[in-house]
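Subject: A structure for you to look at

Hello,

I am passing on a structure for you to explore, and below it you will find my notes. Please open it beside this email and follow along as you read.

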Amino acid sequence: MLHPSTKKLIARLAQMTAQQKISWVLGERENSIAYETEGYRVLLDGDPPSLRLTDALGAELETADHTLLSDTSHADGGTYSDVVANLHAEAFRVARGTESA
């Protein structure tokens, strides 16, 4: 089960991405994108995507892999795996510059 603060983070990232308030960038790995802000970094990577939260130096603070995400139901239906997959798709468009083209 996802920690409540991780659920809140995912919801906030999805909301801010939909409002185009986050500048996602392409990550180091294929299908990887990142968002850096005030001392931490959010990484979405993999297929299906997972979420990692690190500090500014790269130390892992939180990980939500596909299994954990798919085992946690979302209040709007589906699972957090669905939410993160949708977030990844939108954020990847931002990182590639599709939305600004």
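Here is what was found, taken strand by strand and then residue by residue. Please keep in mind that this is a predicted model.

Let's begin with the strands. Strand β2 covers residues 33-37 and pairs with β3 in the antiparallel sense, over 5 bridges. To find one of these pairings yourself, look for Ala34: its bridge partner in β3 is Leu43. The hairpin of β2 and β3 has 2 residues between the strands, and within this hairpin Gly39 takes a positive phi near 90 degrees.

Now move along to β3 itself, which spans residues 40-46. Is this strand mostly covered or mostly uncovered? It is mostly covered, as 5 of its 7 residues are buried. On leaving β3, the chain passes through a hairpin of 2 residues to reach β4. Strand β4 (residues 49-55) and β3 also pair in the antiparallel sense, this time over 7 bridges. A good place to check this is Arg41, which stands opposite Thr54 in β4.

Next, the aromatic rings. How many aromatic pairs does a search of the whole structure find? The search finds 1. The partners are Trp24 and Tyr35, with 5.8 Å from centre to centre and 50 degrees between the planes, so the pair counts as tilted, a class that lies between stacked (under 30 degrees) and edge-to-face (over 60). Trp24 sits in the loop between α1 (4-18) and β1 (25-26), while Tyr35 belongs to strand β2, so their pairing ties together parts that are 11 residues apart in sequence. Both Trp24 and Tyr35 are buried.

Finally, have a look at Thr63, which you will find in strand β5 (residues 60-64). Is Thr63 buried, exposed or partly exposed? Its relative accessible area is 32%, and buried would need under 20% and exposed over 50%, so Thr63 is partly exposed. The side chain of Thr63 makes a polar contact with the side chain of Glu60, at 2.4 Å. If you leave aside neighbours within four places in sequence, Thr63 is in contact with Leu51, Arg52 and Leu68. You can also try a distance between C-alpha atoms: those of Thr63 and Val42 are separated by 9.9 Å, and these two residues are 21 residues apart along the chain.

Enjoy exploring, and do write back with any questions.

Best wishes

Note on methods. Residues numbered from 1 in each chain as written. Predicted model: local features only at pLDDT ≥ 70, side-chain atom pairs only at ≥ 80, totals over all residues. Heavy atoms only, no water. Buried < 20%, exposed > 50% of the residue type's maximum accessible area, 1.4 Å probe, protein only. Helix = DSSP H or I, 4+ residues; strand = E, 2+ residues; numbered from the N terminus. Pairing = 2+ DSSP bridges. Phe/Tyr/Trp six-rings, centres within 6.5 Å; stacked < 30°, edge-to-face > 60°. Contact = heavy atoms within 4.5 Å. Polar contact = N/O pair within 3.5 Å; in protein donor to acceptor, adjacent residues only side chain to side chain.
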